[in-house]
Amino acid sequence: MASVRSNVFILEGNWRPLLRDLGIDARAVLRRAELPGDLFSRQSATLSTPDYFRMWTAVEQEAGHTVFPIQLVEALRSESFHPLIFAALCSSNFSVATQRIAHYKRLCAPMQLHIEEDDASLSIEFEWLDRTVEPPMSLAAFEPLFFVQLARMGTRERIQPLRVETPRPPKPATDYKRFLGVRMERSEAHRVTFSREDAYRPFLTANDSMWQLFEPDLRRRLTDLDSSATFTDRVRAALLESLPGGESSMEEIASKLAISKRTLQRRLRDEGTTFQAVLNATREDLARYYLSKTKLSGSEISYLLGFEDPNSFFRAFHTWTGQTTEQVRLSSALA
């Protein structure tokens, strides 16, 4: 049975010293993002993906320049950002570090990592858990930069990736090439690739006893994260994972969550909603995303949303929005 990943994550208080190092007013960031003024002071505060994206956009706007992701990774210190970074630096090499971060990534961002290795290279592909909202360009740029910086911090060598791919390469391209050593390539994938030699270059920061000390706390944090999500959040997360595979029935989602259909209905009712309402809202959000951000046809979107035929999708979309899919696509193009 596949695990269901919540679309919320824990926001560490380490953001405050990091923003201070960058000369950014944390209070101004929270005001601009319309988030609680004490958010960075809370113990284990959680954010949804849209909240996180708003916060990141606010940080970028307060920074006031397009090379903010480069400055951010250069300001990273293991002791001032997140326990997961420090734990990763305890690894024997970059390959081990990436596997550890992949397992616990949701503790610092609502995303998952896909790692592939062969005889020549190691690739890390980034996937946001909630595909209904577009990440800020600077955040998409930050993720591959972070892993390059992590490799350099661990090895004390100027590691250079083989390739960096992203759907929206940031500008100015020369600044990013100067940091990475390679130009960021436009691609449908969001991925960074390292040579196998660099992936297995020993970390000078390796410390297995410290990893043994950190790992139990990271496991606890991950368990707490999933338990902090509302049941509606968990159902939505399960639907986001299952819809592209055509699994959208109440029975299928209940099975994915390892509960009975009746329990699923009761727990949603306790939160003031129904399975059909969550399904419709998730499908509508995905449909709006596909219509505004992709060139997928109505038939292809219908398939990805788990409808039996395109006409059923078109009728449902009009019921949800009062608009046709073409009207929404046109208005997005004109925006």
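Trainee: What joins E3 to E4 in this model?

Mentor: A hairpin of 3 residues does that job. Keep in mind that the model is predicted.

Trainee: How do you know that E3 and E4 pair?

Mentor: Two strands count as paired when there are at least two bridges between them. Strand E3 (residues 111–117) and E4 have 7 bridges and run antiparallel, so they pair by that rule. One place to look is Leu-113, which sits opposite Phe-126 in E4.

Trainee: And what makes E7 a partner of E4?

Mentor: Same test: at least two bridges are needed, and E4 has 5 to strand E7 (residues 191–195), again antiparallel. Here Leu-122 faces Phe-194 in E7.

Trainee: Why is E4 called largely enclosed?

Mentor: A residue is buried if its relative accessible area is under 20%. In strand E4 (residues 121–128), 6 of the 8 residues are buried, so the rest of the structure largely encloses the strand.

Trainee: What makes E3 and E6 edge strands?

Mentor: The open sheet has 5 strands in the order E3-E4-E7-E5-E6. E3 and strand E6 (184–186) each pair on one side only, and those are the edges.

Trainee: How is the pairing in that sheet described, and what shows it?

Mentor: The pairing is mixed. E3 and E4 run antiparallel, whereas strand E5 (residues 163–166) runs parallel to E6, with 3 bridges. In that parallel pair, Glu-165 has Glu-185 of E6 as its bridge partner.

Trainee: Which helix packs on the sheet?

Mentor: Helix H7 (residues 137–155), touching E3, E4, E5, E6 and E7. Its direction makes about 150 degrees with that of E4.

Technical notes. Residues are numbered from 1 along each chain as its sequence is written. This is a predicted model: local features need pLDDT of at least 70, side-chain atom pairs count only at pLDDT 80 or more; totals for chains, interfaces and linings use all residues. Side-chain values use heavy atoms; hydrogens and water are left out. Buried means under 20% relative accessible area, exposed over 50%, partly exposed in between (1.4 Å probe, protein chains only). Helices (H or I, at least four residues) and strands (E, at least two) are DSSP runs, numbered from the N terminus. Contact means heavy atoms within 4.5 Å. Axes are lines fitted to C-alpha atoms, for helices over the stretch in contact, and angles run from 0 to 180 degrees between N-to-C directions.
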